[in-house]
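I sat down with this one to see what I could find by looking things up piece by piece. Here are my notes, in the order I made them.

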Amino acid sequence: MKKSYSFLIGILVLFVINTAMAQKQTAKVLVLIYSDNGGTYELAKEIAKGIESGQNVQATIKQVKASDNPKLKNIPVATVEELATYDGIAFGSPVYFGNISTGMSEFLSKTIGLWTSHALEGKPATVFMSAGSGAGKELALQSFWNSLAVHGMVLVPNGISGYENIDKTIPQGNSVLGTTSLASLNTVERPSKSERYLAEVQGKNFAKVAYALRGDEKVKSGNKAEVAENKIDVNQVLKDKNIVLPSLPKPVGNYELYARSGNLIFINQVALKNGKIVNPGKVGVNVTEEQVKEATAVTMLNVLAILKEAAGGDLNRVKKCVQLIGTFNTPDTYTKHAELMNPASDLTVEIFGDKGKHTRNTSGASSLPVGSSVSIQAIFEVE
Ligand SMILES: Cc1cc2nc3c(=O)[nH]c(=O)nc-3n(C[C@H](O)[C@H](O)[C@H](O)COP(=O)(O)O)c2cc1C
């Protein structure tokens, strides 16, 4: 009995060791793009295919900002902070005037926190670009390298890898720095077969480097707390806490669901759920405090659903809840507005952690639109 017990423990220990080793056996690569027309995305798919052609490296394609282009709008949007969690990053962008695109440049300009915390130092990076005629393509690839070198990333070029197998009877986007596609030279479909092949080879070669340099220590010293805090995945929090955001309410007048000014998002909502006002009325007259609190939570969920839309579909892009203003339908002598507002504040902090802490104002009104017992005005800062 004792023998078989130790045997079982032995198996368990082996299983735990194996699992731990299995985790170390894989690397994660982000294929991060900006694209206007989809050319960069086409190359990204080949890069990702190459990365995953071996056994051990997993590729995730994301874009730096949400796009209305039907070809691109379902690609998830990356947060700046998540860059530090990958073992390598393949960056893709259109060529703009012999440089990287403004979309990519805008995103990179937000990585100062990662830079000063050395979060990307030593991680491998490779670049690829979609060009028109190809004018200035190598200048553009090199300009990509400038920013990544400042981050201390390990730059992985193509050299002449794969060159011997491409069709040399037409112009191709091969470059020793990284693959490009000559999108406007469309005697053949672009990216051409050879450009796709080169991108795949680039991905394959890059995966080898990312795998070789993979590390467990994603967060470098100096900024651990900040990066750890930024790593809260709001979408996961919603899932874990079973918080389901409602579908977007429809405006009932000549106004927008939200307005963006700079990085601030402004939203105003009442307790509308499935086309009906939840617990309408005046507190203490035809609705209890508990019912108003329930209406407050419904209203805040509407605010968050709209905020998600405003943040390009990803609440991880929310940097801060700046202010919440709650107005309640109350009798003249009522004083406990703060308690009625707490469900909104609690929900915000529960979801966003420290980023959800906000300033607040509450007040009473003798009536509110469509009979709602509560209305909330919210201001959030997004990336
Ligand atoms: C502002 C701007 C500048 C551009 N400059 C160049 C350039 O210098 N050289 C080039 O070959 N193509 C240039 N292009 C063309 C884009 O690189 C090309 O359309 C690319 O395929 C777009 O990539 P996408 O399909 O991923 O959006 C430029 C395009 C724009 C909008």
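The entries below go from the ligand to the strands and helices, and then to a few odd spots in the backbone.

**Entry 1: what I'm looking at**

I reminded myself that this is a predicted model.

**Entry 2: around the ligand**

I began with the ligand and asked which residues come nearest. There are 20 residues around the ligand, and the nearest are Asp-36, Gly-39, Thr-40, Pro-94 and Gly-132. Next I checked which elements give two or more residues to this shell, and found helix H2 (39–51), strand E3 (88–96) and strand E5 (124–131). E3 has the largest share, with three residues.

Then I sorted the shell by class. I got eleven polar residues, seven nonpolar ones and two charged ones.

**Entry 3: strand E1 and its partners**

Is strand E1 buried or exposed? I looked at residues 27–33, and six of the seven are buried, so E1 is largely enclosed by the rest of the structure. For a residue to count as buried here, 20 or more other C-beta atoms have to lie within 10 Å of its own.

I followed E1 to its partners. One of them is strand E2 (residues 57–63), which runs parallel to E1 and is joined to it by seven bridges. I picked out one pair there: Lys-28 has Gln-58 in E2 as its bridge partner. To get from E1 to E2, the chain passes through H2, and this β-α-β crossover is right-handed.

E1 also pairs with E3, again in the parallel sense, over five bridges. In that pairing I found Val-29 opposite Gly-88.

A note to self: strands of a sheet pair through backbone hydrogen bonds, either parallel or antiparallel.

**Entry 4: an open sheet with five strands**

Further along I found an open sheet of five strands, and I wrote down the order as E8-E9-E14-E12-E13. The pairing in this sheet is mixed. Which strands stand at the edges? They are E8 (258–261) and E13 (359–365), and each has a single partner strand, so one side of each is left without a neighbour in the sheet. On average, neighbouring strands of this sheet are turned by 15° against each other, direction ignored.

I zoomed in on E9 (residues 264–270) and E14 (residues 374–382). They run antiparallel, with seven bridges between them. Val-270 stands opposite Ser-375 here.

Two helices came up when I asked what packs on this sheet. Helix H10 (residues 337–352) touches E12, E13 and E14, and its direction makes about 160° with that of E12. Helix H9 (residues 289–310) lies across E8, E9, E12 (318–329) and E14, and runs at about 35° to E14.

**Entry 5: odd spots in the backbone**

I looked for unusual backbone angles last. Where is Pro-191 found? Pro-191 is in the loop between strand E7 (180–182) and helix H6 (193–212). The peptide bond leading to Pro-191 from Arg-190 is cis, with omega near -5°.

Asn-242 isn't a glycine, but its phi is positive, about 60°. I located Asn-242 in the loop between helix H8 (234–240) and E8. Asn-242 counts as exposed because it has 6 C-beta neighbours inside 10 Å, and the cut-off for exposed is 12 or fewer.

Asn-274 also has a positive phi, near 45°, without being a glycine. I found Asn-274 in the loop between strand E10 (272–273) and strand E11 (276–277). With 8 C-beta neighbours inside 10 Å, Asn-274 counts as exposed too.

Technical notes:
Residues are numbered from 1 along each chain as its sequence is written. This is a predicted model: local features need pLDDT of at least 70, side-chain atom pairs count only at pLDDT 80 or more; totals for chains, interfaces and linings use all residues. A residue is near a molecule or strand if its C-beta atom, placed from the backbone, lies within 6 Å of it. Helices (H or I, at least four residues) and strands (E, at least two) are DSSP runs, numbered from the N terminus. Ala, Val, Leu, Ile, Met, Phe, Trp, Tyr, Cys and Pro count as nonpolar, Asp, Glu, Lys and Arg as charged, and the others, Gly among them, as polar. Two strands pair if DSSP finds at least two bridges between them. A crossover is right-handed if, with the strands pointing away from the viewer, the path from the first strand over the helix to the second runs clockwise. Axes are lines fitted to C-alpha atoms, for helices over the stretch in contact, and angles run from 0 to 180 degrees between N-to-C directions. Two residues are in contact if their C-beta atoms, placed from the backbone, lie within 7 Å.
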